[in-house]
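Student: I am new to this structure. Please take one part and walk me through it closely.

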Amino acid sequence: MQYKSDHLPGVFKLQTDFNPTGDQPQAIAKLVEGIEGGLKYQTLMGVTGSGKTFTMANVIQQVQRPTLVIAPNKTLAGQLCAEFKAFFPDNAVEYFVSYYDFYQPEAYIPTTDTFIEKDAAINDEIDRLRHSATASLLERRDVIVVASVSCIYGLGSPESYSTMMVNLRPGMIKERDEVIEELVNIQYVRNDFELQRGTFRVRGDTVDIYPSTSEGVLVRVSFFGDEIDQIVEIDRLSGKRLNARSYMAIAPATHYATTDERTKQAIISIQAELEERLEELQSEGKAVEAYRLEQRTRYDLEMLAETGFTKGIENYSRHLDGRQPGEPPYTLMDFFPEDYLLMIDESHVTVPQIGGMFNGDRSRKTSLVNFGFRLPSAFDNRPLMFDEFYERMGQTVMVSATPGKFEKAHNQQLVEQVIRPTGLLDPEITIHPVEGQIDYLIEQVKRTVERGERVLVLTLTKKMAEDLTDFLLGADLRVRYLHSEIKNDERLHILRELRAGVFDILVGINLLREGIDLPEVSLIAILDADRQGFLRSTTSLIQIIGRAARNVNGHVIMFADEVTDSMFAAISETNRRRSIQEEYNEVNNIEPKTIVKEIRDVLDTFDDGKSIKSKKRRRTDTVGQTPEQKIAAMKPSELVRTIEKLEGEMNRAAADLNFEDAARFRDLLILAKGYLD
C-alpha cells in the first residue's frame, strides 16, 4: 500500500574513519547478498558491543535504498538516529517518534460514569522532525527514518499530504492572495506579530512563512504584481538573509490536512454515519447516549465546515482519507516506496510491542463508542494490526542479540556477529548458592568498588529491591534503587550519577536489559536466578549478562540453588561467544580495554557557564545540591544569565536529538522564569 511518487535521485555516502573489522565484513556481505538475492527476512544476531549499528550503516550504503529503522523506545531511537547522522551527514537522517511530552487519551469508565477528556502536551521540535521525515520521503531516496513503534499509528494519506504541498518558484504566475489562500487551506495560521511553525505573516507584497519542517528558518516570498519575484530563506531570530531558492515546497502544518473537496465529502459521510448510529441507539433505548453523540458530532461537523479542522479530528480519519470501514489507516510506512528496507532493532522486544498495540487501543475506544462519545468510525483511527504490519514489511533485517519467536519462525538467513572490535569478552559467570548470598554479595561489591567500578543488582520484586537497598545502606555502601514509579527524567539522572560515581550500586527489577550502555558497570548480581519466568528467561538472562560486556572486568553472579534450563542456555551461549572472542584476540594480538564513554549530564550546565558540549560532564563537588535548589538561591541577575544558557542548551539538545535532556532543560527554564517573575 506504499505511496508511489517520483523520488529524486540520492546517494547514500557513509563517512567514517573506521573500517569493518572482526566479523563485521562477513556480516555485511551476507546481509547485502541476501537483500540483493530477494530474501524477505534476515536476522543479524549481534552481541553487545559488536558494532551492529555500523554494520547496518554499511548495508544501507551498499544497497542504496530508503530505510526505516524501528526501535523499541524513544531513547534507543534517539541514540540510533544520532549515530546514523554521524555516519551519513550529507543524507536525510530523520527521527520519527510520538510527539507527546504528555498524553492522556480520551476514555470513559462506565463503572464510575467518568469521562476523561483527551489531554496532551505536544513537543514542537519532535512534531517538526515528524514533518521533516515525511517531507523527505516524498522528495528524495537517500532517507533513513529512525522511528519508535509509533510509526504504526494512523498518520493521514501520503497522497493528500503530497498533493497539498504549496509549490513556489520565482517567475511563477501566482498572486499574493492566492498563496495566502493555499497556506490557509493547509492549516497555516496568519500571525503578523509572532511567527511560530505553521504560521505566516504578510507585509505588503511580501509573505514570510515558517514551514512545519523548518528549524528556525523562514521562507520570504516577494511578489511583483501577479508574479513571484524571489524566494529567500531568512534566519528567524536575526532576520539575516541566508539563501536564495529557485524552488520551495511548503508542507502542510498537520498530517491530517486535506483538500476542501475531501473535507466536504467527509462531512457528508460523517453525517450519514451519525444518522445511522442515532437510529441504532434510539432503537436500543439509549436516549442519553444518542443525545450526547449528536451534540458532540454536530459541533465537530460545524468546526470542520468552518475551519477545516476540529479537536479530535483524528477520530474522523477514515472519512477524511476516504477509507472503507475496517480498512487499515495510512501510517509512516505508506510514505516509503515499495523497495524500501526495514530494520528492526532489538527485534525480540520491538516485534511483540507492535503486536500488542491494536488490542489496547480497541478496548479503550469500545466504551467511548458504546456510550455515545464517539462514532464507530473512531475504531478506524488506530494502530496497524500485526497482520497489516506484516503485509507492509519491506525486505527486513531483524537485529538482536537474542532473536525471539517471530525471528526464528520467519528467518531465511541468520547472520551472526559475535566478535567485538574492542576485544572485550563476554563476562565470566559464577553460580553461588542462595545460603549466605548477601554476605558474599557485599564482599564482591566492596572489591568492585575499590577498583572504581559500579554494580547492578537485580531482584524479582520492588519490595525486595527496597529492602535490599536499606540493608546495603546499613552496611555503609552507597546504593540506590530504581523501579517503574520513578519518572523518566529522574531515571536518567540516577543513571548518570551511577556512571559518575555519586553512588556505586543500583538495585532494581529490570535494569535496562536492552540497548543502554553503562561501561562503568563490571559486576552484575542476579538474585533468584533459578526462578523460571519472564525476568529469568534465557533471553532476559543473556540481555542482562550483556550489560557487563562493556567492561574488561565484567563478571556476573547468579544466585541459585539449581541450574534451570534458561540458566544453562544463557551460560552456554555466553561461554561460546567468549571462546570465539578469545580466539580472535589471540590471533590478532588484541588486548581488551574497557570502553570509555562520555557522561552526559544536563544538570550541571549552569554551574560554571560552560557548554554541555565542551565541559566535563560531572562535578562531584556540587552533587549535594539539586538544580532546583541552585535556581531557588539565585539572584535576579544570575537568573537572567541562567535562563539564557538554559534556552541555548535546550535548543542544542533538541537539535542533537537528546530529547530527554531537552525536556529537563525546559523544566528548569520554566522554574527559573517563575522565580524571575
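Tutor: Here is a close look at one sheet and one strand within it, followed by some salt bridges.

This is a predicted model, in which local features need pLDDT of at least 70 and side-chain atom pairs count only at pLDDT 80 or more, while totals for chains, interfaces and linings use all residues. Residues are numbered from 1 along each chain as its sequence is written, and side-chain values use heavy atoms, leaving out hydrogens and water.

Start with the sheet. Six strands form it, in the order S10-S11-S12-S13-S14-S15. The sheet is open and its pairing is mixed. Strands S10 (189-190) and S15 (241-245) are the edges, each pairing on one side only. Strands (E, at least two residues) and helices (H or I, at least four) are DSSP runs, numbered from the N terminus. Two strands pair if DSSP finds at least two bridges between them.

Now focus on S11, residues 199-203. On one side, S11 pairs with S10 in the parallel sense, over two bridges. Val-189 has Thr-199 as its bridge partner. Arg-190 has Phe-200. S11 also pairs with S12, here in the antiparallel sense and over five bridges. Thr-199 stands opposite Tyr-210 in S12. Two residues lie between the strands in the hairpin of S11 and S12, and Gly-204 there takes a positive phi near 60°.

How enclosed is S11? Four of its five residues are buried, so the strand is largely enclosed by the rest of the structure. Buried means under 20% relative accessible area, exposed means over 50%, and partly exposed is in between (1.4 Å probe, protein chains only).

A helix packs on this sheet. Helix H6 (residues 176-185) touches S11, S12 (206-210) and S13 (217-224). Contact means heavy atoms within 4.5 Å. The direction of H6 makes about 165° with that of S11. Axes are lines fitted to C-alpha atoms, for helices over the stretch in contact, and angles run from 0 to 180 degrees between N-to-C directions.

H6 also brings in a salt bridge (a side-chain nitrogen of Lys or Arg within 4 Å of a carboxyl oxygen of Asp or Glu). Arg-176 forms one with Asp-177, with the closest N and O atoms 2.9 Å apart. Arg-176 counts as partly exposed at 27% relative accessibility. Asp-177 is partly exposed too, at 45%. The structure holds 40 salt bridges.
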